[in-house]
Every structure is written in C-alpha cells, then in structure tokens.
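Open the model and keep the sequence beside it. We will go from the inside outwards, stopping at a few residues on the way.

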Amino acid sequence: TGAMIWKNYYSCFELILGIPFTRYQRGASDLVNCLINFLNGILYAECLDQIILSGLHPAISFLHSSNDRTLSLQYDISEAFKPLLVERTLFSLFHNKIISDNEKPTKDDKTYLLSNAVKKKAAIEFNKHLLTSIKIGNKYYSYRNLIYADCIRLRNYINGETSDISLFKQTNR
C-alpha cells in the first residue's frame, strides 16, 4: 500500500540525515518532522496556485478523499513532487548546515512550532529548489513549471484533449 511505501521511504531518513528519526505527521515534536510538515504546507500552497492557474477545480480530486478536505486536489498533485522538493530541501538544509539539528521547535499549547528564523531559512531553500531548472528534451523547466504542466495534462485529460509539455513554452513561470 501507499502508506507502507512512505513508511519504508522515511525509514531511510535516519541514514541520510545522520540523526534519529521516525516520521510523525500529527503530533510532530522534533525538528525534522516539523520541517517536513512545514515544507509540505509550502508545497501544497504552490500546487494550489498552479491548480487555480491551470483552470482545474481544486475541490475535485482523484487520490485523496474530498470528504474531510475541501481543496484536496493539491494533495494529489503534490505527491509526485514531495521527494523532489520537500525532501531535497530538507536534506539540503541539514547537509549544507543551513539549519542545525540543535534547533528545537517550541511548544505552544499542544502544537510544536518552528522558530521564524528556521521557517525563513526553510522557505528560502524551498524556493531555490522550486525554481531549479532541469532539462527535459532540449528545454529547461523549473519544478514550478512541471507542477503547472502536470495540472495542464490533468485538465487536458479530463477534457479529452492531448497534452504537450511544450504548451507553456511561451511563459516563463
């Protein structure tokens, strides 16, 4: 199942980061889990922006249930980009010593919060990754372009049209 795949995937983080780690989505109390949740939130917001720009309806999803979340398409679109953006950003933050594992979240009522300084560093690093270009064929596309292209391909599929990644060649999003 998908949950088991993610569990196995996250089990490698301890080796990659060199610090003890167990993934907790809810009730995250350590720096790594809080950072993952924070970076996921940034990715969800970016996906929602691209969904809206592409003309898709954000409440209609195909993978995540829309019963408990009204705008669940962003979660569907984000799945493919989590390893490329969230985890790469996380690893970069630690490997480049932008954030130290000594920085602990503070507890506020029942929630653990990252400091504003950590959030700012994480957001800047995420944006660097989001705007990183990769070569596909003879052209370069940022990850932001690729999220948008996925949305366009989904929209075109729903409308029964063909989709071509070069369709946003005129824009430099």
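A residue counts as buried when its relative accessible area is under 20%, and as exposed when that area is over 50%. The model is a predicted one. Start with Cys151. Its relative accessibility is 0%, so Cys151 is buried.

Does that cysteine stay free or pair up, and what decides it? A disulfide is a covalent bond between the sulfur atoms of two cysteines. Here a pair counts as a disulfide when the sulfurs are within 2.5 Å. The closest cysteine sulfur to that of Cys151 belongs to Cys47, and it is 6.7 Å away, so the two are too far apart for a bond. Across the whole structure, the search finds zero disulfides. Cys12 has another setting: its relative accessible area is 37%, so Cys12 is partly exposed.

Now look at the nonpolar interior. In soluble globular proteins, nonpolar side chains tend to be buried together. The largest nonpolar core in this model has 37 residues, and Leu35 and Leu90 have the most contacts inside it. Helices α2 (13-17), α3, α4 (73-78), α5, α6 (116-131) and α7 (143-158) each give two or more residues to this core. The largest share comes from α3, with nine residues. Zoom in on Leu90. Beyond its neighbours within four places in sequence, Leu90 contacts Phe13, Leu17, Val32, Leu35, Ile36 and Leu39.

Next, take two lysines. Is Lys82 buried or exposed? With 7% relative accessibility, Lys82 is buried. Lys82 lies in helix α5, which covers residues 82-95. Setting aside residues up to four places away in sequence, Lys82 touches Trp6, Asn40, Leu43, Tyr44 and Glu87.

Lys97 lies in the loop between α5 and β1 (106-108). Its relative accessible area is 71%, so Lys97 is exposed. Check the backbone there too. Most residues other than glycine have a negative phi. Lys97 is not a glycine, yet its phi is positive, at about 55 degrees.

Finish with a pocket. The second largest pocket has a volume of about 200 Å³. Thirteen is the count to keep in mind: of the 13 residues that line this pocket, Ala28, Cys34, Asn37, Thr111 and Tyr112 are the closest to its centre. Two or more lining residues come from each of α3 (31-54) and β2 (111-113). The lining of this second largest pocket is mixed in character, with six nonpolar, four polar and three charged residues.

Terms used
Residues numbered from 1 in each chain as written. Predicted model: local features only at pLDDT ≥ 70, side-chain atom pairs only at ≥ 80, totals over all residues. Heavy atoms only, no water. Helix = DSSP H or I, 4+ residues; strand = E, 2+ residues; numbered from the N terminus. Buried < 20%, exposed > 50% of the residue type's maximum accessible area, 1.4 Å probe, protein only. Contact = heavy atoms within 4.5 Å. 1 Å grid on protein atoms, 1.4 Å probe; cavity = no way out; pocket = protein on both sides within 12 Å on 5 of 7 lines; lining within 4 Å. Points joined across faces, edges and corners; volume = space filled by probe spheres on them. Nonpolar A, V, L, I, M, F, W, Y, C, P; charged D, E, K, R; others polar. Core = buried A, V, L, I, M, F, W, Y, C linked by side-chain atoms within 4.5 Å.
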